[in-house]
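Trainee: I am new to this structure and would like a close look at a single part of it. Could you pick out one residue in a loop and then lead me on from there to the surroundings?

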Amino acid sequence: MHNKSTEQALKELGSSGKGLSDQEAESRLKEYGLNEIKESKKIPPWKIFLDQFKSVVLWILIAATLISAFLKEYIDAMVILIIIILIAVLGFILEYRAEKAIEALKKLSSLKATVIRNSQKREIDAKHLVPGDIISVETGNKVPADARLLEAFNLQAQEAALTGESQPVKKNTGTLPEKTAIADMKNMIFSGTVIVSGRANAIVAGTGMKSEIGKIATLIEEVRPEPTPLQKKMDKLGKFLGKVVIAVAVVIFAVGMLFHEKPLLDMLIFAVAVAVAAIPEALLAIVTMSLALGTQRMLKRNALIRRLPSVETLGSTTVICTDKTGTLTMNQMTVRKVFANGKIIDVTGSGYETKGQFLCKGKPVKTEEIEQLLLIGSLNNNSELKEGSVIGDPTEGSLIVSAEKAGIGKKDLDIEYPRTDEIEFTSERKLMTTLHSHHGEKLAFAKGAPEVILRLCSYILINGRVKKLAEKEKQKILDINREFANGALRVLGFAYKTIVTEKDPEKNLIFAGLQGMIDPARPEVKIAVEKCKNAGIKVVMITGDHEITARAVAKEIGLEGKSMTGQQLEEIKNLDEIVEEIAIFARVNPEHKIKIVDALKKKGHVVAMTGDGVNDAPALKKADIGIAMGITGTDVAKEASSMILLDDNFASIVNAVEEGRGVYDNIRKYIGFLLSGNIGEVLIIFLGIISGLPLVLTATQILLINLVTDGLPALALSADPFEPNAMSRKPRKQNESLFRGLNPFLIYYPVAQVAVALSIFIYIFFSEGNLAKAQTAAFLTIGMFELYQSIASRSTIYPVFKVGIFKNRLLILAFVSSFIIMAASIFIPSLGKHLDMHPIAIPMFLFIVAVSSIGAMIIEVCKHYKTRNEVIEINNG
């Protein structure tokens, strides 16, 4: 409707200034439906719980439980079953509140509306509005439906939640071109936005799902979140383990039948038992626990994680797409520069904080030089500063704050200069004038577009004296205005006069100066952007604001790259070919944001999208990780996100990325630790069988190793401090293997473990002929190898002496506890007989304890050689 005149809009929507009749409204309600967001089918709790079982690894564990029960290994089956239940319950609890974006949108639209029907004005539930209804809105109202303006009186709407525009948008009734961005539709008001000043009558053009908010709801519904990088890798690992388990069972059964004269059923049962032992039962539980711990650590750093796998996804982020308003900026208009008394003056301070200085070339300016300019800005003003926030127009709020910085308070001024009249601002006049009385005098204070103010000025205030304003001086002031505007400042001119006999208070004004304001960048953002650069993460600004404003903010925070507008974006067919060159997208619509995220994903990027408005919700859901603002964020954005920043601080994203990288590094520690131990166990049994040796380990001993020397240290590693230098490394590639760089753990270590364990087993078995004793010695060797390796696993990158052997007290406790359990099972006969153990001599025990450190030493030498020239900073987590 924006491209139709008011008469055309009324005709096309079959209405008139008298409004619809009740009968017509009822008929249209049946045709168009209620003015509300349709709620998608809710996901029941039982389905959320069942969704936890989509992991391939979890299905392998379920199979292992059934096989263990079939083989009458009930303890093993029970332990694995408990692990499965814990994984599912933990995942369910942390994801129970997901998928509520449509509910939040519905809540957003639940309000009353003033409508004209049968020529009478009445209040109805907004859900009963229909296209063609005539509605009235005024200051403070939330707009109930998308509508084409018919009449507008000094109307301004705050549309930041929908478009990202930081300033209130001045509205009018003019006709616009068909191809006009939502943010530029000055003749439309939109559902869910707020009227900050003025009043208007409008004809409803879109309700429910046909409104702009409804279209966003449809976009959210259509977007299906993809599996996270970790989920993909864990599923890939699960499929790999599944193949390995089947292969191990088949090979051991076949080899066993060839080399051992045992009944077929006994050999089959043993082969399956060994295959089950090859599964690292604790791996998925430890990964889930690590992610859960990561959410707690992030919460302490003001990042609330809503979906568990998102913790790790943050660590692999290569691009952060961020909204400008309220995310990179403070969402608080601030006067940055003033021109008064012939000087350009810088104003320090940010936002609505009333502390700041006025500096000219670095030196403080006397208050009397700028007093008249600031006084006009504070008195010609309909807003109010209250407890650090502005009630009314943010631009007017910034003028109150600039005056407060010079000690000029609005409350005192309003008493000293009581207002007697007002000539209000209109889009045609581009000017607002207020009349005041002061000590018997009548004063006029004017503010508006600098060129308009200058046309009305005949004089200028310089050094406390009023002088004739020459044409040359007017041109200089206009040049300064252009300079301010080119720096993305919104500039207003100020003038005044004492009214003596003139009837026109806006003639022959005295020019007082200019004030230029902007929504400034958050102070901490520049450092955060620099950290992102060092970490190899690209920051992209996506905003509904003007390109010149976006570029100015980008320059201030150190964001480099090309810029593109939403209109240019629509004309490009292959955005993915140039998307990596663009750092700023301005004047964009919600659909554009999804297009940008898709283009970045096509280039292989892991994309994080930040935002706080309704307009951000579809892209938040589409991105690999959506990050909503906790303070300024709408319910819609929060419910569509994976993570919420509780302090709205862009810098907290960098902290969250660091946590995510740390969690991923820790997951690699468990994989290196748990898989290497299982590889070693299976190889020892397999090589023993094909060598014609008796069984090197019993099934009970295998279970004890998995629970004690694997399980306890792995649990302790889940709370391990993160790897050093996490934010100095480039993001890992999306297709990078979980096993990258783990050769010392998965190849060199198992080879040493197999060689030592088999050598000791063979030596004792053939020298003493005692199978139980030889099996016990092999058990102790494997167990001690894994305990030493748990210490080496404190870092997969750096030698343990560099990261600190004793930094993880839980790991030391797990090491000591596991050692005591193994020693007790060997030296306490009443316990050992239930665990297939046989006592061994103290010297042999000490020899095995010492020689078993070889595996960990090999890992440490490899890490030292690889990082010998690298300087690290220790992170204590």
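**A loop residue and beyond**

Mentor: Happy to! Let us begin with Asn341, which is buried, its relative accessible area being 13%. Keep in mind as we go that this is a predicted model. Asn341 sits in the loop between strand 10 (334-340) and strand 11 (343-347). What catches the eye is its backbone: Asn341 is not a glycine, yet its phi is positive, at about 55°. Most residues other than glycine have a negative phi. That is the reason for pausing here.

Ala488 makes a good companion, as its phi is also positive, near 70°, in a residue other than glycine. You will find Ala488 in the loop between helix 18 (471-486) and strand 21 (490-499). With a relative accessibility of 6%, Ala488 counts as buried.

Now go back to strand 10, the strand before the loop of Asn341. Arg336 forms a salt bridge with Glu556, and their closest N and O atoms are 3.1 Å apart. Arg336 belongs to strand 10 and Glu556 to helix 20 (residues 547-557), so this pair ties together parts that lie 220 residues apart in sequence. Arg336 is partly exposed, at 21% relative accessible area, and Glu556 is partly exposed too, at 30%.

That bridge has company, for the count comes to 29 salt bridges. One of them pairs Arg587 with Asp184, where the closest N and O atoms are 1.9 Å apart. This pair also links distant parts of the chain, 403 residues apart: Arg587 is in the loop between strand 25 (582-586) and helix 22 (590-602), while Asp184 is in the loop between strand 5 and strand 6. Arg587 is buried, with a relative accessible area of 11%, whereas Asp184, at 26%, counts as partly exposed.

Stay a moment with the loop that holds Asp184. Thr180 is found there as well, between strand 5 (169-170) and strand 6 (188-189). Thr180 is buried, its relative accessible area being 16%. Its side chain reaches the backbone oxygen of Pro177 at 2.6 Å.

Two more salt-bridge details round off this topic. Arg419 forms a salt bridge with Glu422, the closest N and O atoms being 2.9 Å apart; Arg419 is partly exposed at 32%, and Glu422 is partly exposed at 30%. Elsewhere, Arg297, Arg301, Glu658 and Glu659 are joined into one network by salt bridges that share partners.

Next, compare a helix inside with a patch outside. Of the 19 residues of helix 26 (residues 699-717), 14 are buried, so the helix is largely enclosed by the rest of the structure. Helix 26 has a kink of about 35° at Gly711, shortly before the proline Pro713. Even so, its end C-alpha atoms are 26 Å apart, which agrees with the 27 Å that its residues should span at 1.5 Å a residue.

On the surface, Trp46, Phe49, Leu50, Met78, Leu81, Ile82, Ile85 and Val89 form a nonpolar patch with about 750 Å² of accessible area together. Helix 3 (45-51) and helix 5 (74-95) each supply at least two of its residues, and helix 5 gives the most, with five. Met78 is found in helix 5 and is partly exposed, at 48% relative accessible area. An α-helix has 3.6 residues a turn, so residues three or four places apart point the same way. Try looking at the patch residues with that spacing in mind.

Conventions. Residues numbered from 1 in each chain as written. Predicted model: local features only at pLDDT ≥ 70, side-chain atom pairs only at ≥ 80, totals over all residues. Heavy atoms only, no water. Patch = residues over 30% accessible without salt bridge, like charges linked within 9 Å, V, L, I, M, F, W, Y side chains within 5 Å. Areas by Shrake-Rupley, 256 points an atom, 1.4 Å probe, with all protein chains shown as cover. Salt bridge = Lys/Arg side-chain N within 4 Å of Asp/Glu carboxyl O. Helix = DSSP H or I, 4+ residues; strand = E, 2+ residues; numbered from the N terminus. Buried < 20%, exposed > 50% of the residue type's maximum accessible area, 1.4 Å probe, protein only. Expected span 1.5 Å × (residues − 1). Bend = angle between axes of the 7 residues up to and from the residue. Polar contact = N/O pair within 3.5 Å; in protein donor to acceptor, adjacent residues only side chain to side chain.
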